[in-house]
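I opened my notebook to look at how the pieces of this structure meet. I wanted to read the contacts one at a time.

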There are 2 protein chains.
Amino acid sequence: MIRGKMERMPDSAGTPKLAAHRVEGIANDLHSAAIHLLRRVRKQDTKTGEGPARLSALSVLVFAGPMTLGELATAEQVRPPTMTRIVAALESRGLAEKVRDSEDARRVKIHATQKGSALLKRGRKLRVAYLAHQLRKLSDSELMTLGEGISVLERVLGNWGRS
Amino acid sequence: MIRGKMERMPDSAGTPKLAAHRVEGIANDLHSAAIHLLRRVRKQDTKTGEGPARLSALSVLVFAGPMTLGELATAEQVRPPTMTRIVAALESRGLAEKVRDSEDARRVKIHATQKGSALLKRGRKLRVAYLAHQLRKLSDSELMTLGEGISVLERVLGNWGRS
DNA sequence: CGATATTTGTTAGCATAGCTAACGAATTAT
DNA sequence: ATAATTCGTTAGCTATGCTAACAAATATCG
């Protein structure tokens, strides 16, 4: 959806602000685009032989490093019993390992194994390569525009929930 | 991730093209941002009382109009037996209806009911409002940049798989 | 026309992934 | 020391994905 010129509403301090309905429109388009994008790249995951929950948990372990089961559950927005089962499945496949914490015997630290890390990176590469293939149809200037938009989005994600 | 100036590699026809590794980098960042964005807005869905597969199928019915079970399964990238069950659940809750096709008695056309349409739109509003709330922290120029990036992304999605 | 093939959706049965409730073990607080 | 809290697991439910096998309707072909 291509939008027209900026529409501004001055506030009491004189700082121009885009009209609220435009922000909602951008939010709606962004939401819709993200859904359709992921729906498409996700299909590549079947080639890894692992389900989405396992791949997602593994990616946290690989990119953020070892952590306890509870931390991993929080990171994945999942309840502890769910993560217990996901970790058990990863362990049975040799993709992750549980290590007891010597400080606190209740805690269990989860590590990705070499095999797990390799599998995750292979899967990630499939998704990204597929997406990159589609992006190569864009002109240089379109790619620059897209890249700048992503930079803004990364700032939004970094400040999510603050203030 | 903020990228520097354009990096170009002339091809044999003289058309400048961004280096391949930059395209991969943009694809990677876009992929990652989309994952984190949806993971966050998704939490709003619990307020609707329906699961993700039902909400997703319902959104196709609401925004694309009535269609057969097979078409809906294809749109949702799901096998027919899975969609049979999702539609049965939507029907039992009064969110969708099955109508037999008078032309071809094998076909079953699925319609969203008023109640289904209302529920879907309520849920969608929750997601988008939550996202819009985060976007309001951006400056006008950042919002413009983001909007332009989304327009490019929508073009990519529109041409997906072509050529 | 009638036998066969294809298409459409369902049923059955399995695996994965989410939840809450209830619990056991370890640690911390009183 | 006892009580409260924390961390993870077990049990058991629901939801969502799949393949295989099937029934019914339609299409095709001899």
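My entries below cover the chain contact and then each DNA strand.

**Entry one: the two chains.** I kept in mind that this is a predicted model. I looked up the contact between the chains. Chain B brings 53 residues to it, and chain A brings 54 residues. On the side of chain B that touches chain A, I listed the elements giving two or more residues. They are β2 (16–18), α1 (20–41), α5 (114–135) and α6 (140–158) of chain B. Which element gives the most to this side? I found α1(B), with 17 residues. I then sorted this side of chain B by class: 29 nonpolar, 11 polar and 13 charged residues.

**Entry two: DNA strand D.** I noted 23 residues around DNA strand D. Gly70(A), Pro81(A), Thr84(A), Gly51(B) and Ala53(B) come nearest. Both chains supply elements here. Chain A gives two or more residues from each of α3 (69–75) and α4 (80–92), and chain B does so from α2 (52–64) and α4 (80–92). The most comes from α4(B), with five residues. By class, I read 11 nonpolar, five polar and seven charged residues on this surface.

**Entry three: DNA strand C.** I turned to DNA strand C and found 22 residues surrounding it. Which residues are the closest? They are Gly51(A), Ala53(A), Gly70(B), Pro81(B) and Thr84(B). The elements giving two or more residues are α2 (52–64) and α4 of chain A, with α3 (69–75) and α4 of chain B. Here α4(A) gives the most, with four residues. The classes on this surface are 11 nonpolar, five polar and six charged residues.

Technical notes. Residues are numbered from 1 along each chain as its sequence is written. Chains are lettered from A and ligands numbered from 1 in the order in which they are written. This is a predicted model: local features need pLDDT of at least 70, side-chain atom pairs count only at pLDDT 80 or more; totals for chains, interfaces and linings use all residues. Two residues are in contact if their C-beta atoms, placed from the backbone, lie within 7 Å. Ala, Val, Leu, Ile, Met, Phe, Trp, Tyr, Cys and Pro count as nonpolar, Asp, Glu, Lys and Arg as charged, and the others, Gly among them, as polar. A residue is near a molecule or strand if its C-beta atom, placed from the backbone, lies within 6 Å of it.
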